[in-house]
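Hi everyone, thanks for having me. I'd like to walk you through one structure today, so please have a look at it while I talk.

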Amino acid sequence: MYHLQRLILRMRDEHKKKSIQYAAAALAIGLVLSSAWQIALQINHSYAAYALTLITIGVTAFTR
């Protein structure tokens, strides 16, 4: 991401800059969600743990 940002800062075409930034943001979000999903699968061993995970996702997604 560091090198990608350096590349973006040197670009002159604003349309290409925006496109690459949106793609990088989608990639970063996907990686974070994938990691969170893998962690949740490894630590949740009961229905209560799954319920707590789902409640946390709901609170995070629908509140500031």
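I'll go through a salt bridge, a loop residue, a surface patch and a pocket.

One thing before we start: what you're seeing is a predicted model. So keep that in mind as we go.

Okay, let's start with charges. How many salt bridges does a search of the whole structure find? Just one. The partners are Lys17 and Glu14, and their closest N and O atoms are 3.6 Å apart. Now find helix 2, which covers residues 14-43, and you'll see Lys17 in there. Why are Lys17 and Glu14 separated by about one helical turn? Because they're three residues apart in helix 2.

Here's a point to look at on your screens. Is Lys17 buried or exposed? Lys17 counts as buried, because its relative accessibility is 16% and the cut-off for buried is under 20%. Its partner Glu14 has 48% relative accessibility, so Glu14 counts as partly exposed. And what does Lys17 touch, if we leave out residues up to four places away in sequence? The answer is Ile8, Leu9 and Met11.

While we're at this end of the chain, have a look at helix 1, residues 2-10, where you'll find Gln5. Gln5 is partly exposed, at 35% relative accessibility. Gln5 and Gln21 are 16 residues apart along the chain, and their C-alpha atoms are separated by 8.4 Å.

Next, the loop. Between helix 2 and helix 3 there's a loop, and Asn44 sits in it. Is Asn44 buried or exposed? With a relative accessible area of 7%, Asn44 is buried. Leaving out residues up to four places away in sequence, Asn44 touches Ala49, Tyr50 and Thr53.

Let's stay with Tyr50 for a second. Tyr50 belongs to helix 3, residues 47-62, and Tyr50 counts as partly exposed because its relative accessibility is 37%. Tyr50 also joins Trp37 and Leu41 in a nonpolar patch on the surface. Together, those three have about 330 Å² of accessible area.

Last stop: the pocket. How do you find empty space in a protein at all? Well, you roll a probe the size of a water molecule over the atoms, and that shows where empty space is left. In this model, the largest pocket has a volume of about 340 Å³. Which elements give two or more residues to its lining? Helix 2 and helix 3 do. There are 14 lining residues, and the ones nearest the centre are Ala36, Trp37, Ala40, Thr53 and Ile57. Helix 3 provides the largest share of that lining, with seven residues.

Two names there should sound familiar. Trp37 is part of the nonpolar patch, and Trp37 also lines the largest pocket. Thr53 is touched by Asn44, and Thr53 is in that pocket lining too.

That's my tour. Thanks for listening!

Note on methods:
Residues numbered from 1 in each chain as written. Predicted model: local features only at pLDDT ≥ 70, side-chain atom pairs only at ≥ 80, totals over all residues. Heavy atoms only, no water. Helix = DSSP H or I, 4+ residues; strand = E, 2+ residues; numbered from the N terminus. Buried < 20%, exposed > 50% of the residue type's maximum accessible area, 1.4 Å probe, protein only. Contact = heavy atoms within 4.5 Å. Patch = residues over 30% accessible without salt bridge, like charges linked within 9 Å, V, L, I, M, F, W, Y side chains within 5 Å. Areas by Shrake-Rupley, 256 points an atom, 1.4 Å probe, with all protein chains shown as cover. Salt bridge = Lys/Arg side-chain N within 4 Å of Asp/Glu carboxyl O. 1 Å grid on protein atoms, 1.4 Å probe; cavity = no way out; pocket = protein on both sides within 12 Å on 5 of 7 lines; lining within 4 Å. Points joined across faces, edges and corners; volume = space filled by probe spheres on them.
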